[in-house]
Amino acid sequence: MTTREINKVHSALMREHSIFYADMICRAIQDKNVDEETFANGIEEIYLAYKEDVDEYIPKGWEYV
C-alpha cells in the first residue's frame, strides 16, 4: 500500500476506533508476518475489546506489529 492509501484507511478507522487501534490495524495490514487468518482473528478481538472499552488490547499474533 502507498502512504496515501494507508492514510485513507487510517482516517476511516479513526471514525470507529481510538488512535491506538487504528494505528495497530494499519501496521498489521502492512506486516508480512501477519497472515490473513491471524489478521481476521485479530480484528474480531479488537472489535470485542473496543466494544468492552478495553484500552490498548493486543490480539494474539499481533505482538510485534
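**Notebook: helices 1 and 2 and the residues around them**

I began with Ala 28, which lies in helix 2. The model under study is a predicted one. I looked up the accessibility of Ala 28 and found 2% relative accessibility, so I entered this residue as buried. I then listed its contacts, leaving aside neighbours within four places in sequence, and obtained Val 34, Phe 39, Trp 62 and Val 65. I also checked a C-alpha to C-alpha distance: Ala 28 and Gly 61 are 9.9 Å apart in space, with their positions 33 residues apart in sequence.

**Entry: helix 2 as a whole**

I next compared the span of helix 2 with expectation. Its 12 residues should span 16 Å at 1.5 Å a residue, and I found 17 Å between the end C-alpha atoms, which agrees. I recorded Tyr 21, Ala 22, Met 24, Ile 25, Cys 26 and Ala 28 as the buried residues of helix 2. Against which helices do the buried residues of helix 2 pack? I found that they pack against helix 1 and helix 3.

**Entry: Tyr 21 and Ile 19**

I turned to Tyr 21, which is also found in helix 2. Its relative accessible area is 1%, and because buried means under 20%, I noted Tyr 21 as buried. Not counting residues up to four places away in sequence, I found that Tyr 21 touches Ile 46, Ala 49, Tyr 50, Val 54, Asp 55, Glu 56 and Tyr 57. I looked up its C-alpha separation from His 10 as well, and it is 9.7 Å for two residues 11 apart along the chain.

Ile 19 has its place in helix 2 too. With residues up to four places away in sequence not counted, I found that Ile 19 touches His 10 and Met 14. I noted that Ile 19 and Asp 55 are 36 residues apart in sequence, with 11 Å from C-alpha to C-alpha.

**Entry: helix 1**

I measured nothing by hand here and took the computed values. Helix 1 covers residues 3-14, a run of 12 residues. From its first C-alpha to its last, helix 1 reaches 16 Å, close to the 16 Å expected at 1.5 Å a residue. I found Ile 6, His 10 and Leu 13 buried in this helix. Why do they belong to the same side of helix 1? They cover an arc of only 60 degrees around the axis, which puts them on the same side. On the other side of helix 1, I found Arg 4 and Lys 8 exposed. I then asked what the buried residues of helix 1 face, and I found that they pack against helix 2, residues 19-30.

**Entry: the crossing of helix 1 and helix 2**

I looked up the geometry of this pair. The axes of helix 1 and helix 2 come within 9 Å and cross at roughly 145 degrees. I recorded the crossing as right-handed. On the side of helix 1, the contact is made by Ile 6, Val 9, His 10, Leu 13 and Met 14. On the side of helix 2, I listed Ile 19, Ala 22, Asp 23, Ile 25, Cys 26, Ile 29 and Gln 30. How do the residues of this contact divide into nonpolar, polar and charged? I obtained nine nonpolar, two polar and one charged.

**Entry: the loop between helix 1 and helix 2**

I examined His 17, which is found in the loop between helix 1 and helix 2. Is His 17 buried or exposed? I found 4% relative accessibility, so His 17 counts as buried. Leaving aside neighbours within four places in sequence, I found His 17 in contact with Ala 22, Ile 25, Ile 46, Tyr 47 and Tyr 50.

**Entry: positive phi after helix 3**

My last check concerned backbone angles. Most residues other than glycine have a negative phi. I therefore set apart two residues for a closer look.

Asp 53 is placed in the segment after helix 3, which covers residues 36-51. I found its phi near 60 degrees, a positive value in a residue other than glycine. With a relative accessible area of 63%, Asp 53 is exposed.

Glu 56 has its place in the segment after helix 3 as well. I found a positive phi of about 55 degrees for Glu 56, although it is not a glycine. At 55% relative accessibility, I entered Glu 56 as exposed. I had already listed Glu 56 among the residues that Tyr 21 touches.

Terms used:
Residues are numbered from 1 along each chain as its sequence is written. This is a predicted model: local features need pLDDT of at least 70, side-chain atom pairs count only at pLDDT 80 or more; totals for chains, interfaces and linings use all residues. Side-chain values use heavy atoms; hydrogens and water are left out. Helices (H or I, at least four residues) and strands (E, at least two) are DSSP runs, numbered from the N terminus. The expected span of a helix is 1.5 Å times one less than its number of residues. Buried means under 20% relative accessible area, exposed over 50%, partly exposed in between (1.4 Å probe, protein chains only). The arc is that of the directions from the helix axis to the C-beta atoms. Contact means heavy atoms within 4.5 Å. Axes are lines fitted to C-alpha atoms, for helices over the stretch in contact, and angles run from 0 to 180 degrees between N-to-C directions. A crossing is left-handed if the near helix is turned anticlockwise from the far one by less than a right angle, and right-handed if clockwise. Ala, Val, Leu, Ile, Met, Phe, Trp, Tyr, Cys and Pro count as nonpolar, Asp, Glu, Lys and Arg as charged, and the others, Gly among them, as polar.
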